[in-house]
Amino acid sequence: MRMSHSALALVRGALTGHTGWPRTWDSPLPRDRYKVIVVGAGGHGLATAYYLGRNHGITDVAVLEKGWLGGGNTGRNTTIIRSNYLQDASSAIYEKSRALYEGLSQELNYNVMFSPRGVMMLAQTEHEVRGYLRTARANYLQGVETRFITPEEVQKRVPIIRLDGPRYPVLGALWQPRAGTARHDAVAWGYARACSAMGMHILENCEVTGVRSDAGRVSGVETTRGAIGCERLAIVVAGHSGRLAQMAGFRLPVESVTLQALVSEPVKPCMDVVVMANTVHGYLSQSDKGEMVIGGGADGFNNFTQRGSWHHIEETVRALVETFPMLSRLKMLRQWGGVVDMTGDRSPILSPTPLGGCYINCGWGTGGFKAIPGSGWAMAEMVANEAPGPLAAPFGLERFREGRFIDESVAAGVAH
Amino acid sequence: MRVDGRGLIDRGRPVRFRFDGRDVTGYAGDTVASALVADGERLVGRSFKYHRPRGILTVGPEEPNALLEVLEPGGQVTPNTRATVQEVFDGLEVRSQNRWPSLRHDLMAVNDRFAAFLGAGFYYKTFMWPRRFWEGLYEPLIRRAAGLGRLSGKHDEAPYERAFAHADLLVIGAGPAGLMAALAAGRAGADVILAEADSRPGGRLLAEDEAVDGLPGPDWVAGVMAELRAMPNVRVMLRTTITGAYDGGQWGALERVGLHRAPAPDLPRECFWRITAPRAILAAGALERPVAFPDNDRPGVMLASAVRGYLHRFGAVAGRKVAVFGAHDDAHRTARDLVAAGVTVTAVIDPREDAPEGDGYRTRAGAVVIGTRGRLGLTGVRVREGSSEFWVEADVLAVAGGWNPSVHLTCHMGARPVWDADAVAFLPPGPDAPGAVPGLEAAASAWDGRAVVRVLAADPLEMKRTVAAALSVMRHGMALPRVWQI
């Protein structure tokens, strides 16, 4: 039973000591078998399950999570949402995603705090200026609203920025006005609540340890909570995709590395928009709570550590202080890492796999959060129809064999 | 108010600074917090969301309430500075934050009236209708209300520094355990870095009335420090916080180089160190826990360890009538120390039925605190004893909720602390735990929060084992100092 969130419900809660709220999502016992099992209860996995139910009427679904819901990269990212990519295939899925974010709070009846305050990507070298002018034109043709703005407009929108940085002056920026951030945990919780309301099972602390198959087709998974049968399997586990693929008997062209971030103490509003400074390498936004949320780089070596390193603090903070000298007065509260799965062309993989009935969604690399709704939409379509739809089709595994790359190494933002 | 004859401050050197535009006089050796305690100022901040009046809770870097803005002559501002860490100097100017128009009259405190509607997570359930209002109205209002201090709006031109250091052994914390570890390793010939976040070594020995080897704690510390300073292989780094444990025996350390004096153009404000040391001893001690009861956040409610710290280190007490609450012998230690200093203790409220009788104060055995009064400053404590409830007069309530060992660094590579029912605390993970920090040994004092100082005397062999383990790769033999007694 789901209680609708409304002003009336809130008043009722206040008058009854907030004791009447139901659980946001149920915690049922696993059944023996489901039509679809989604591995991974992060944003992408939950969105896949949600759109399976909403768009395709498939609700006999379990979402399996080895840890706690949203505890992987969904809880570790810097919450940026944008769709200013270069290639048509990318823009299509990222813009679909961004557009879905616009109405997500109302659709889920759960405030995910999508905040389209604008994202700017600073051009601090002549090469970046040319690159972003090209992106702006590509976006125009794709119907994605972006434009290249002058240093003066940058300064107006970001009062704390120093344009004449000693090494890398700000020469302009690629500006996407309807991009921004969302409350990352709320995205996972909102989808989970909606999935649970449709009768889907979200099984936390349920780690997949093996994939079962029968005559070349998936028949179920082995988990730390027992074997569970299924007709179709969706693997949506970001950094650990390689391990799941191994269980399913195939290999993936991805590398797993740790991407790091840090966050400051909360201060009163000083920066309203999201700024990415890719040349000095750091990106930041100010959360609604007032913290400066700062993204760093990816580790230069493959690992699964999920933790921060000394040199990333130093490099990222040094880079940002050069462009935002005021930030040196802030103390950093936390530093952390998330394991991201990188492909060679920095574009995701949404694909059928060599194992029948098994589909994989991975390779979002350093920028998966923004793609959650669109990724879930496209993945659900593929699992429901047992074939990729137009959004997913360009992102099949075969592109690595055929050399049909979707090169987004610039638009991906993070240096790898 | 100040207590005559107590404290390690230099009463011959008064220091004048400003708090919210008002002149306050402290002494060399004071922090902003201790000077404000001595000055009788209890209200120093406002809570983040409900803007409830808040006072100083602790005597160290764990302070959650007394966060201030430090103002500099050129208009530069450092927000969220802990008053318990910021040392006073002539001309220092600090200002309360997150209040409007003033600390005493904060209109945002209206949030407290609507607390029932603003419960945890309420924002996920509301602010969705009509859709356009989220970005047009609700979110801008939320953003304006959030945050604590302010940035200045001016580019920071001050110098900062980074540096590197190497040692055989890093000792983290210069309390009694860390001092002994550094001494043992130093005498054995190891290259040692002793890092202490405080401006002064000694840890809890500065904050308690304890004797070591027949000497007052601070004198014993001075003796050990003199020997350490004379060793060319020992480097003492004060005002230096170890911030992180990283791969390859690397440690991040932040040194407050110029924050305790007037800004100077050539002096870096802070220095970020990368310390490389294959072995480290964690001697960061423990933090006292607060106790949960209604309205336990009023200005005047302080940790018992802080009340003793202000008394012994700074010769200051925050009030004239002090009540103490805790099911812990430290509650009674606090009362004894206050009585000895001539401060009135109105009651020690101890939930234990067999609580010790007070000497010079009244013990309320089997009683608990169930509420407080005094919005801008504590005036009384509501006590339930058996079936009766009554008010106890107090302008300070010291709470002793037991101790949490500072285990954080031992968890920086993924290991989890281990709950120990006997110690009633989370203890550091063992060296073989998955994700344990290689080479890091937790010293005895960080193990047992129940009596941070005494445990050393209880088990000096534990310290010997710890240092020996930490130095096991070294070529030198171990020559430990003689067993000491407290």
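**Why call it that? B:Glu208, the A–B contact and chain A**

Mentor: This is a predicted model. Let's start with B:Glu208, which has 6% relative accessibility and counts as buried.

Trainee: Why is B:Glu208 called buried?

Mentor: Buried means under 20% relative accessible area. B:Glu208 comes out at 6%, so it counts as buried. As for where that is, B:Glu208 lies in the loop between strand E10 (192-195) and strand E11 (211-212) of chain B.

Trainee: What makes the pairing of B:Glu208 with B:Arg308 a polar contact?

Mentor: The cut-off for the N or O atoms is within 3.5 Å. The side chains of B:Glu208 and B:Arg308 are joined at 2.7 Å, and the side chain of B:Glu208 also has a polar contact with that of B:Arg204, at 2.7 Å. Leaving out residues up to four places away in sequence, B:Glu208 touches B:Arg308, B:His312 and B:Arg333.

Trainee: On to the two chains. How do you know that B:Arg143 forms a salt bridge with A:Asp288?

Mentor: The test is a side-chain nitrogen of Lys or Arg within 4 Å of a carboxyl oxygen of Asp or Glu. For B:Arg143 and A:Asp288 the closest N and O atoms are 2.9 Å apart, so the pair passes the 4 Å test. The count between chain B and chain A is nine salt bridges, along with 31 residue pairs in polar contact, both residues at pLDDT 80 or more.

Trainee: Which part of chain B gives the largest share of the side that touches chain A?

Mentor: That's H4(B), with seven residues. By class, this side of chain B has 24 nonpolar, 14 polar and 17 charged residues.

Trainee: How much area is buried between chain B and chain A?

Mentor: About 4700 Å², with carbon and sulfur atoms giving 55% of it. B:Tyr124, B:Arg143 and B:Leu151 supply 19% of what chain B buries against chain A, more than any other three residues. In residues, the contact takes 55 from chain B and 55 from chain A.

Trainee: Now chain A by itself. What does its secondary structure come to?

Mentor: Chain A has 11 helices and 18 strands.

Trainee: And why is chain A called as compact as a globular protein of that length?

Mentor: The globule rule gives 22 Å for 416 residues, and the radius of gyration of chain A is 21 Å, close to that, so chain A is as compact as a globular protein of that length. Buried residues make up 64% of its 416 residues. Of the contacts in chain A between residues at least 6 apart in sequence, 76% join residues at least 24 apart.

Methods
Residues numbered from 1 in each chain as written. Chains lettered and ligands numbered in written order. Predicted model: local features only at pLDDT ≥ 70, side-chain atom pairs only at ≥ 80, totals over all residues. Heavy atoms only, no water. Contact = heavy atoms within 4.5 Å. Buried area = accessible area lost by both parts, 1.4 Å probe. Polar contact = N/O pair within 3.5 Å; in protein donor to acceptor, adjacent residues only side chain to side chain. Helix = DSSP H or I, 4+ residues; strand = E, 2+ residues; numbered from the N terminus. Nonpolar A, V, L, I, M, F, W, Y, C, P; charged D, E, K, R; others polar. Rg over C-alpha atoms; globule rule 2.2 N^0.38 Å. Buried < 20%, exposed > 50% of the residue type's maximum accessible area, 1.4 Å probe, protein only.
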